[in-house]
Amino acid sequence: MTVLAVGDVVGAEAATWLAGRLPELRERHEVDWVVVNAENCAVTGPSPMDGFGMTVEVIDTLLAGGVDAVTGGNHSWDGPDVDEVLAYPQVVRPINLDETRGRGLLTLRRADRTLTVLNLLSPTAALPGMKAPQPAPLWPAWTNLRATEPLPGAILIDLHGESPWEKASFAAALDGEISALLGTHTHDPTLRGHILPAGTGYLTELGMTGRLGFTGGGFDPAHFAARLRGEDHTALPPYRLATGELSLGAVVVRVDATGATTSITRVH
């Protein structure tokens, strides 16, 4: 089984660019499933803290391009289309929240291949003032999920979090239970993927998909800089998306019949 996993898509232009590339990427890498984190795919407000999110129009663009599962994070509740977007059967929001809308996992089936996609939000990614409910701690959320939900086939987790050590520790704790844990949220890609001793694939950060510019996050960080200085960032002009080169933050993960990862390869 081969999965193309794509990190945080920043802006509608990036979503259109990715959707246009997907047919060629699927063919070149013989991809079974495409999983894309799209919580930043639409600008829905003036501040990057709570003005990203997803819209029906942009999600339709991604799905038409061949995306099988759309994951999210702390921005999954931004914008005016939350109810409509979370109602899509292909959209997965973080499961470790007190939330009745949407779904926290999705099982994909085709012929003899089955992939369960799971989205988790780390408390480290819970930004002040964010619209998402506060996430439950990761380990209790996982053990409760394991006890109550069937997780068939290969299991891929998008862990949306700030801390590399937390992601690595969680992957190590789940080694052999899941096929792969891929980190999102920080937008700055880590080069090396790891295969843990019992066969779980691990990557700290998929990175972002969009125009690099500024500091590489895909948008002007002035609001974050102002908050760091203790200033009122809401007094600033609306944030801008970056300019410059388009970048693809993505990996191809290959999983064998036992559910073990055999390779994690960066694609561009």
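In the hairpin formed by strand 5 and strand 6, where 2 residues lie between the strands, Ala111 takes a positive phi near 55 degrees. Strands, like helices, are DSSP runs numbered from the N terminus, a strand (E) having at least two residues and a helix (H or I) at least four. Strand 5 covers residues 105–110 and strand 6 residues 113–121, and the two pair in the antiparallel sense over 6 bridges; two strands pair if DSSP finds at least two bridges between them. Leu106 has Val117 in strand 6 as its bridge partner. This is a predicted model, in which local features need pLDDT of at least 70 and side-chain atom pairs count only at pLDDT 80 or more, while totals for chains, interfaces and linings use all residues. Residues are numbered from 1 along each chain as its sequence is written, and side-chain values use heavy atoms, with hydrogens and water left out.

Elsewhere there is a sheet. Its 6 strands follow the order 4-3-2-1-13-14, and the sheet is open with mixed pairing. Strand 4 (91–92) and strand 14 (261–267) are the edge strands, each pairing on one side only. Within the sheet, strand 2 (residues 33–37) and strand 3 (residues 69–71) run parallel and are joined by 3 bridges, with Val36 standing opposite Val70 in strand 3.

Charged side chains also make contacts, and a search of the whole structure finds 12 salt bridges, a salt bridge being a side-chain nitrogen of Lys or Arg within 4 Å of a carboxyl oxygen of Asp or Glu. One of them joins Glu24 to Arg28, whose closest N and O atoms are 2.8 Å apart; both residues lie in helix 1 (residues 12–29), 4 residues apart, which is about one turn of the helix. Another salt bridge joins Arg113 to Asp32, with the closest N and O atoms 3.4 Å apart. Because Arg113 lies in strand 6 and Asp32 in the loop between helix 1 and strand 2, this pair ties together parts that are 81 residues apart in sequence. Asp32 is buried at 14% relative accessibility, whereas Arg113 is partly exposed at 34%; buried means under 20% relative accessible area, exposed over 50%, and partly exposed in between, with a 1.4 Å probe and protein chains only.

The aromatic rings give 5 aromatic pairs, where rings of Phe, Tyr and Trp (its six-membered ring) pair if their centres lie within 6.5 Å, planes under 30 degrees apart counting as stacked, over 60 as edge-to-face and the rest as tilted. Phe219 and Tyr239 form an edge-to-face pair, with 6.0 Å from centre to centre and 75 degrees between the planes. Phe219 is buried at 12% relative accessible area, and Tyr239 is buried at 7%. These two residues belong to one aromatic cluster with Phe52 and Phe224.

Phe219 and Phe224 return at the largest pocket, which is lined by 19 residues, and they are among those nearest its centre, together with Glu162, His185 and Thr186. A pocket is found on a 1 Å grid over the protein atoms alone, as an open set of points where a 1.4 Å probe fits, with protein on both sides within 12 Å along at least five of seven lines, and its lining residues have an atom within 4 Å of a point. The lining divides into 6 nonpolar, 9 polar and 4 charged residues, where Ala, Val, Leu, Ile, Met, Phe, Trp, Tyr, Cys and Pro count as nonpolar, Asp, Glu, Lys and Arg as charged, and the others, Gly among them, as polar.
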